[in-house]
Amino acid sequence: MFVDTNVLIRALLIQASLPARFIELWREGKFDLLISAEQLDELMRVTRYPRIRERMTPALAGRMINELRDLAIPVSDLPVLTFSADPHDNYLLAMAQAGDAAFLLTGDKRDLLALKQHGLTRIVTVREFLTHIGRLP
């Protein structure tokens, strides 16, 4: 399982959200989560944006980054891909491919969700995933 950075940010910003519920289930060990150095770098960069820092303390972002670094399954040696209309999303597809992820969860309707699938990885929203595993609150 791999999660787009936008889902992680939403989980941090809105505690009563479906992304926050997803993170809660991951913390309970309901499924494994993949992470890459590229995604950790992106998460650190995005959480420093002024519009994000206005709504989230650096300590909260740091705890999530450390937790992902410590508990998620690292994926490295990502292949170079050019499938997404947004070149910045290609590393997400590469990560899903390198980690043999069954799902890639995202809120990116225009680019990633439009693909629906990459190899064996289904590209779905958090709501679709939680419905699939019977954990929609």
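In this predicted model, helix α6 is followed by D100, a residue whose phi is positive, near 50°. The helix that precedes D100 is largely enclosed by the rest of the structure, because seven of the nine residues of α6 are buried. These buried residues are N90, Y91, L92, L93, A94, M95 and A96.

Helix α6 (90-98) is in turn one of the elements that cover the buried residues of helix α3. In α3, which spans residues 37-46, the buried positions are Q39, L40, E42, L43 and V46. When the helix is viewed down its axis, these buried residues fall within an arc of 160°, and they therefore line one face of α3. Besides α6, the cover over the buried residues of α3 includes the strands β1 (2-3) and β2 (34-35), together with the helices α1 (5-13), α4 (50-53) and α5 (58-71).

Among the buried residues of α3, E42 may be considered in more detail. Its relative accessibility is 17%, and since buried means under 20%, E42 counts as buried. When residues up to four places away in sequence are not counted, E42 touches T5 and Y91. The contact with Y91 links E42 of helix α3 to one of the buried residues of α6. As for T5, it stands 37 residues apart from E42 along the chain, yet the C-alpha atoms of the two residues are separated by 7.5 Å.

Turning to the protein as a whole, the model contains eight helices and six strands, which follow one another along the sequence in the pattern β-α-α-β-α-α-α-β-α-β-α-β-β-α. Of the contacts with a separation of 6 or more, 60% are accounted for by residues that lie 24 or more positions apart. Buried residues make up 47% of the 137 residues in the protein.

The overall dimensions can be set beside a simple expectation. For 137 residues, a compact globule would have a radius of gyration near 14 Å, and the protein has 14 Å, so the value agrees with that expectation. Taken along the principal axes, the box filled by the C-alpha atoms is roughly 35 × 30 × 30 Å. The accessible surface comes to about 7,600 Å², and carbon and sulfur atoms contribute 52% of it. With regard to charge, the protein carries 17 positive and 17 negative side chains, and the centres of these two sets lie 7 Å apart.

Notes
Residues numbered from 1 in each chain as written. Predicted model: local features only at pLDDT ≥ 70, side-chain atom pairs only at ≥ 80, totals over all residues. Heavy atoms only, no water. Buried < 20%, exposed > 50% of the residue type's maximum accessible area, 1.4 Å probe, protein only. Helix = DSSP H or I, 4+ residues; strand = E, 2+ residues; numbered from the N terminus. Arc of directions from axis to C-beta. Contact = heavy atoms within 4.5 Å. Rg over C-alpha atoms; globule rule 2.2 N^0.38 Å. Areas by Shrake-Rupley, 256 points an atom, 1.4 Å probe, with all protein chains shown as cover. Lys, Arg positive; Asp, Glu negative; His and termini not counted. Charge placed at Lys NZ, Arg CZ, Asp CG, Glu CD.
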